[in-house]
There are 2 protein chains.
Amino acid sequence: MSVTFAQGFRAAGVEAGISAVAGKKDVALVVNDGPINAAAGVFTVNRFCAAPVQWTREHIRAGRADAVILNSGGANACTGQEGYAQSQAEAELVAELLGTRAANVAVCSTGLIGELLPLDKVLHGAREAYAHLAHDDAAGQDAAHAIMTTDTVPKTAVREGTNGYRIGGMVKGSGMIAPQLATMLCVITTDAQVSAGQCQAALSVGTDLSFNRIDVDGCMSTNDTVLLMASGASGVEPDPDEFNRLVREICSELAAKIVGDGEGSSHTIEITVRHATTEDAALACGRAVAASNLLKCAISGNDPNWGRIVSSLGTVPMDVAPYDPEQVTVDVNGVRICDGAKPARDRSEVNMDQRQVTIEIDLNAGDAEASVWTDDLTHEYVHINADYES
Amino acid sequence: MSVTFAQGFRAAGVEAGISAVAGKKDVALVVNDGPINAAAGVFTVNRFCAAPVQWTREHIRAGRADAVILNSGGANACTGQEGYAQSQAEAELVAELLGTRAANVAVCSTGLIGELLPLDKVLHGAREAYAHLAHDDAAGQDAAHAIMTTDTVPKTAVREGTNGYRIGGMVKGSGMIAPQLATMLCVITTDAQVSAGQCQAALSVGTDLSFNRIDVDGCMSTNDTVLLMASGASGVEPDPDEFNRLVREICSELAAKIVGDGEGSSHTIEITVRHATTEDAALACGRAVAASNLLKCAISGNDPNWGRIVSSLGTVPMDVAPYDPEQVTVDVNGVRICDGAKPARDRSEVNMDQRQVTIEIDLNAGDAEASVWTDDLTHEYVHINADYES
């Protein structure tokens, strides 16, 4: 179940020979058949953003998208005017096939930075995808497969609202994840009857609490894009609170799947910072800990090394997160191994056998809290990133 | 040649059974025999700073140190009042042996965070070291060996000034390096006739341009300490500019040796950012690039992946470093592979066979520049840090 779970959407994923992996699907197309075509997007804040991001960000402001064309095997980032012209050519072809305007077609790319796309292959793939568009679950799965890069599994999520409206999403992402978004592309579809403004509001909050709080390797991408497209095909006007919650849940589930599939990872680490003075303070502390290579290596070695937790916590400036080190406690998997910046229960009491590791930090400084998610750092991560398309 | 290169200093390094590595020297003692005993220090800004840092920072303010006692095999960090009492006990014993006050004895520790020292062993080691104090080069080398942890080589540097005054130094550090100082201990000695104020001025600038600009893994330690001790034994009052320059050179050479011995590294990466609007802007850009795990993995795979350079550069906020992405050029080992945020010469032209990799980024935005140094990220780094004292 993926982007075709909601009524009013067709999808396809095809092999166009762009990816270096033989036989891999690498072009996906998702089409919104309406009756409404509301859309919203959230994008990387990287100053070197890719051509497809420039194209899509510019045109989605109008609140409409009839389709999105996506490819893996090339990011079309740092490719100048020629790269922008490529994104435009993709949009124009899809628009022609669908009988709409290019401005109503969103474009996403993922892969190596700094190389133009093999445009003939991409356009050929777009035509093929158009020819294979279908409403069924298999078509949604094909699309989810086509956007994968170093992902080991396709990542999808669905929710159903009161009176039967539906939301479905797919995402790709595994490395270059953080601190804002990820090397990720995400398309969420819904048949709820909602406006572009409602889509943007739900997506902005949902993204902020999910994709913006995961960190696989501390690297921010040039291509991150999260799109929400509404067809209105269910005819259901959703309760706004419920709709926002369900979009947030889809974002969270997809974000968790990214971390769960973090490049080479053997543990997923959830870091919760409690009793901070503000949510931003809690987030800053959580992110500092999540960014520690030393901690991430220790976790991969099944070592709940709290010294590496507090030494990262100690790098957050006082004005960003006021707290007294002597009041800080750290629990790993429910065992308080640091109390008041001193050792408490023995580290050997912590069971590290499971993939999931929970780190709970209590600052004892206020009432706010926040959670962030990351992965451990393994030999396999280095292998993947030393040898990826080099 | 190490801390005993300068006249007026004795040193020793002995095995006290603190380190988990059998036969490894783990206690070092450096004694300043005067006639003057000026001293200055620079310390970690980590809010969870270790007991020996608290002790030494507090007492060196008076501008005097007659000796410094150092141990590897335990950081005495996050150990509360009991840890502080241990540092004090070390200082008191050394003071008693030397016939001075405890406040005149600096203390440094390095190793695992969150465990008290085996104090009996440390004090026994201090007595042994005192018994072995000597002026000769071998004694200085023993001290340099005794402070090593994951270092693969002892790291020392010397300089000689006009009229024959001398400066010598030793440092340990290999991982948990950055962004301010490193998991490092550094002792620099000089027989120049200089005041504590001159020492502090020379050391602060020297540290800022060297140890504060290296980044092995983005992790800031709880124990970093850099000490400069002056005996005045040469009787030479140095030219202030020359003295400052020589201290800076010693710091730079020792910092380069830390990066050259970065845990598991196969490449040393020098990142120079030119034509920034300010030095801080250049530094922020350099540090953002130096912190990229993805880039560091690519370099370990001999891949001059400039996409990972500019995507890191693009995370630096506009108000921190104003520049236009379209004006940015990137050279790796002298080959311009990115020009105006677009591909230029082919990546295959870059020779990555040497350990040294130079990355030159031109922002074309102003007149300031700065360099930072880091290492690549290898399987070996993960191995060392997943299995270190776990």
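**Exercise 1.** In this predicted model, determine whether R213(B) is buried or exposed, and describe its surroundings.

*Solution.*
Step 1. The relative accessible area of R213(B) is 8%. Because buried means under 20%, R213(B) is classed as buried.

Step 2. Within chain B, R213(B) lies in the loop that runs between α5 (196–208) and β9 (214–215).

Step 3. Setting aside neighbours within four places in sequence, the residues in contact with R213(B) are D208(B), E279(B), L283(B), R287(B), A370(B), S371(B), V372(B) and W373(B).

Step 4. For D208(B), a specific atom can be named: the side chain of R213(B) reaches the backbone oxygen of D208(B) at 3.4 Å.

**Exercise 2.** Characterise the interface of chain B and chain A by its buried area, its polar contacts and its salt bridges.

*Solution.*
Step 1. Between them, the two chains bury about 4,500 Å², with 61% of this on carbon and sulfur atoms. R47(B), F48(B) and L294(B) together supply 19% of the area that chain B buries against chain A, more than any other three residues.

Step 2. In terms of contacts, 56 residues of chain B meet 56 residues of chain A.

Step 3. Eight residue pairs are in polar contact across the interface, whereas the rule finds zero salt bridges there.

Step 4. On the side of chain B that touches chain A, the elements giving two or more residues are α8 (293–300), α9 (306–313), β14 (342–343) and α10 (379–387).

Step 5. By residue class, this side of chain B comprises 29 nonpolar, 19 polar and eight charged residues.

Notes
Residues numbered from 1 in each chain as written. Chains lettered and ligands numbered in written order. Predicted model: local features only at pLDDT ≥ 70, side-chain atom pairs only at ≥ 80, totals over all residues. Heavy atoms only, no water. Helix = DSSP H or I, 4+ residues; strand = E, 2+ residues; numbered from the N terminus. Buried < 20%, exposed > 50% of the residue type's maximum accessible area, 1.4 Å probe, protein only. Polar contact = N/O pair within 3.5 Å; in protein donor to acceptor, adjacent residues only side chain to side chain. Contact = heavy atoms within 4.5 Å. Buried area = accessible area lost by both parts, 1.4 Å probe. Salt bridge = Lys/Arg side-chain N within 4 Å of Asp/Glu carboxyl O. Nonpolar A, V, L, I, M, F, W, Y, C, P; charged D, E, K, R; others polar.
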